[in-house]
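Me: I would like to go through this structure with you, one topic at a time. Could we begin with the surfaces that face the nucleic acid?

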Protein chains: 2
Amino acid sequence: MARPSQREQILVEASRLFSKKGYHATTIREIAQNRGILSGSLYAHISSKEDLLFEIVDDGADAFLSAIASVSQSDRPPIDKLRMALCAHIQVIAERMDAATVFFHEWEALSEERRRLIQAKRDKYEAHWNAILEEGMADGSMSMADPKFVRLMLLSVANWLYHWYRPSGPLAPEEIADRFIQILVNGIENPGKERDLRA
Amino acid sequence: MARPSQREQILVEASRLFSKKGYHATTIREIAQNRGILSGSLYAHISSKEDLLFEIVDDGADAFLSAIASVSQSDRPPIDKLRMALCAHIQVIAERMDAATVFFHEWEALSEERRRLIQAKRDKYEAHWNAILEEGMADGSMSMADPKFVRLMLLSVANWLYHWYRPSGPLAPEEIADRFIQILVNGIENPGKERDLRA
DNA sequence: CCTACCGATCGGTAGG
DNA sequence: CCTACCGATCGGTAGG
C-alpha cells in the first residue's frame, strides 16, 4: 500500500468525525482543519459533504457484502458457515469501527436515491444470511420454528457490536463470534432440568 | 388523562422530528412551526434545545428502568422473568418508538454531565438483567458458559427493535418476545443430529 | 491549496 | 405568544 492520497485521508478523517459527533454536527471546516487545510480547499477533492457520507456508507456496505459472499461460496456445513458469517461480520466492524458506526447511524441522512441504493445492498446481505439458515434446515442440521427471527437475532447481535466493540478489548473477533454461536446453537436452558416440571 | 399541555405536545413533536431527522438536523423553527407558533415562542416553554433532548432521553431511561424493576421484584422462575423482561423491553419500545429511537441514536449529543447521568441509568438497567441470569444459574434452570455474552445477546436483540419494529406489523410485542426466548432457550441445533459427527 | 467572500440559516433573546 | 432582531456559523464558490 502506497501512502494514502489526500482524498483517502479526508475520508478517514470524515469517518472519524461523523462517527464521533454525527454527520450533521460535523462541519466541513473541522474536517479540513484536521487535514491541515482550509474548508474551501476541501472542494478540490470532494464535491459535497454528502458525497463524503455516501462514499463512507457505500464502502461499508460493500465490505459487508464481499465478506459474506466468500462465506456463502464455501462448501462447509451450514453451522460452520453461520460461524464464519458472524465472524466475518464482526471483523468488518472491528477493522473499521468508524465507518461501521457511520453506516448504521447516519445512512438515513443520505438523499432518497442514495438511501435506496444502500437499502438494496442491505437486502442482498440479508438474503445471504437467509440462504445459510435455509441450507441448515434443508440438510437437517438446524431446527427452528421461525428462521426469520433467527436471522433477525443474528443480525441484531452482529450489528449491535458497533455500540460496544473496542479493538483494545480482551477478545478477538473470532472469540466473540464463537461465544455467540455457542449460545445460539445450544440454547441456555439446562437440559438436566425439564422446563415443563417447573411451570 | 387531561388534554396534553403545550409543553407536552412540544416534547412529542420534538421526539418525532429528532427520531426522523436526527437531533442536529432538526431546527427549533421546525418544532415550533409544527406546533403552530414561532420559534421565539418556544422559549416560553423550554429553556434550550438540549433540554428538550435531555427530557426525551431521560424519560426513556426511566421507562426502561421501571419496566424491568417490576419484573425483578416478582417471584416467578428465572426463565419466566427473562421472558417478562424481554417483553417489557419490547413494550417500552413499541409504545414510544420515537423516544426509543432518540434514546439510542442521540443520547451522545448530550453534554458530558447529562450523558453520565443517562449512562448510570443504563448501567442500572443492565444490572437487572444480570441478576435474572445469575438467578437462573443459581437455581439450575439455566446453563451458560458466559452470562455476560448472554446478556449482551439479549440486549442487542432487544435494543435493535427500534430499527425494525412497526406498531402496524403483524406481531404483538409478547409474540416477538416469545419467539426470541424460544430460540435463545432451546438453541437452533437439531438435537437429532450430532454436531461432532459432522466435523 | 489560499484569499475572500456569498446567502442562508442557526439557536436564542429583548421587549412587549 | 409575537415582533424584530442578534451574532455566529453553516456549506459552498469565484478567482487566482
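Me: How do the residues of the surface near DNA strand C divide into nonpolar, polar and charged?

Reply: Please note at the outset that this is a predicted model. The surface near DNA strand C comprises five nonpolar, seven polar and two charged residues.

Me: Which of the 14 residues around DNA strand C come nearest?

Reply: They are S41(A) and H45(A) from chain A, together with T27(B), R29(B) and Y43(B) from chain B.

Me: What does the side chain of S41(A) have 2.8 Å from an N or O atom?

Reply: A phosphate oxygen of DNA strand C lies at that distance from S41(A). Q6(A) also has a polar side-chain atom 3.4 Å from a phosphate oxygen of this strand.

Me: And R29(B), which atom of DNA strand C is 2.8 Å from its side chain?

Reply: For R29(B) the partner is a base nitrogen of DNA strand C, 2.8 Å from a side-chain N or O atom.

Me: Of the strand C atoms within 4 Å of the protein, what percentage belongs to sugar or phosphate?

Reply: Sugar or phosphate supplies 57% of those atoms of DNA strand C, and bases supply the rest.

Me: Now strand D. Which residues around it come nearest?

Reply: Out of 14 residues around DNA strand D, the nearest are T27(A), R29(A), Y43(A), S41(B) and H45(B). Of the atoms of DNA strand D that come within 4 Å of the protein, 58% are sugar and phosphate.

Me: Which residues have an atom placed by a phosphate oxygen of DNA strand D?

Reply: Y43(A) is one of them, with a polar side-chain atom 2.7 Å from a phosphate oxygen. S41(B) has a side-chain N or O atom 2.8 Å from a phosphate oxygen of DNA strand D. In L38(B) a backbone N or O atom is involved, at 2.9 Å from a phosphate oxygen of the strand.

Me: What is the make-up of that surface by class?

Reply: Near DNA strand D there are five nonpolar, seven polar and two charged residues.

Me: Changing topic: how many residues of chain A and chain B are in contact?

Reply: Chain A has 45 residues in contact with 45 residues of chain B. The area buried between the two chains is about 4,300 Å², and carbon and sulfur atoms give 66% of that area. On the side of chain A, F149(A), W160(A) and I188(A) lose the most area to chain B, together 19% of what that side buries.

Me: How many salt bridges and polar contacts cross it?

Reply: The rule finds two salt bridges between chain A and chain B. One of them joins D146(B) to R179(A), with the closest N and O atoms 2.4 Å apart. Nine residue pairs are in polar contact across the interface.

Me: Which helix gives the most to the side of chain A that touches chain B?

Reply: That is α8(A), with eleven residues. Helices of chain A that supply at least two residues each include α5 (78-95), α6 (97-106) and α9 (173-186). By class, this side of chain A has 23 nonpolar, twelve polar and ten charged residues.

Me: One last residue, N159(B): is it buried or exposed?

Reply: N159(B) is buried, because its relative accessible area of 7% falls under the 20% cut-off. The residue lies in helix α8 (residues 147-164) of chain B.

Me: What does N159(B) touch, leaving out residues up to four places away in sequence?

Reply: N159(B) touches W160(A) across the chains, and H89(B), I93(B) and F104(B) in chain B. W160(A) was also named among the residues that lose the most area to chain B.

How values were computed. Residues are numbered from 1 along each chain as its sequence is written. Chains are lettered from A and ligands numbered from 1 in the order in which they are written. This is a predicted model: local features need pLDDT of at least 70, side-chain atom pairs count only at pLDDT 80 or more; totals for chains, interfaces and linings use all residues. Side-chain values use heavy atoms; hydrogens and water are left out. Contact means heavy atoms within 4.5 Å. Buried area is the accessible area (1.4 Å probe) that two parts lose on being put together, summed over both. A salt bridge is a side-chain nitrogen of Lys or Arg within 4 Å of a carboxyl oxygen of Asp or Glu. A polar contact is a pair of N or O atoms within 3.5 Å; within protein, one must be able to donate a hydrogen and the other to accept it, and residues adjacent in sequence count only if both atoms are side-chain atoms. Helices (H or I, at least four residues) and strands (E, at least two) are DSSP runs, numbered from the N terminus. Ala, Val, Leu, Ile, Met, Phe, Trp, Tyr, Cys and Pro count as nonpolar, Asp, Glu, Lys and Arg as charged, and the others, Gly among them, as polar. Buried means under 20% relative accessible area, exposed over 50%, partly exposed in between (1.4 Å probe, protein chains only). A residue is near a molecule or strand if one of its heavy atoms lies within 4 Å of it.
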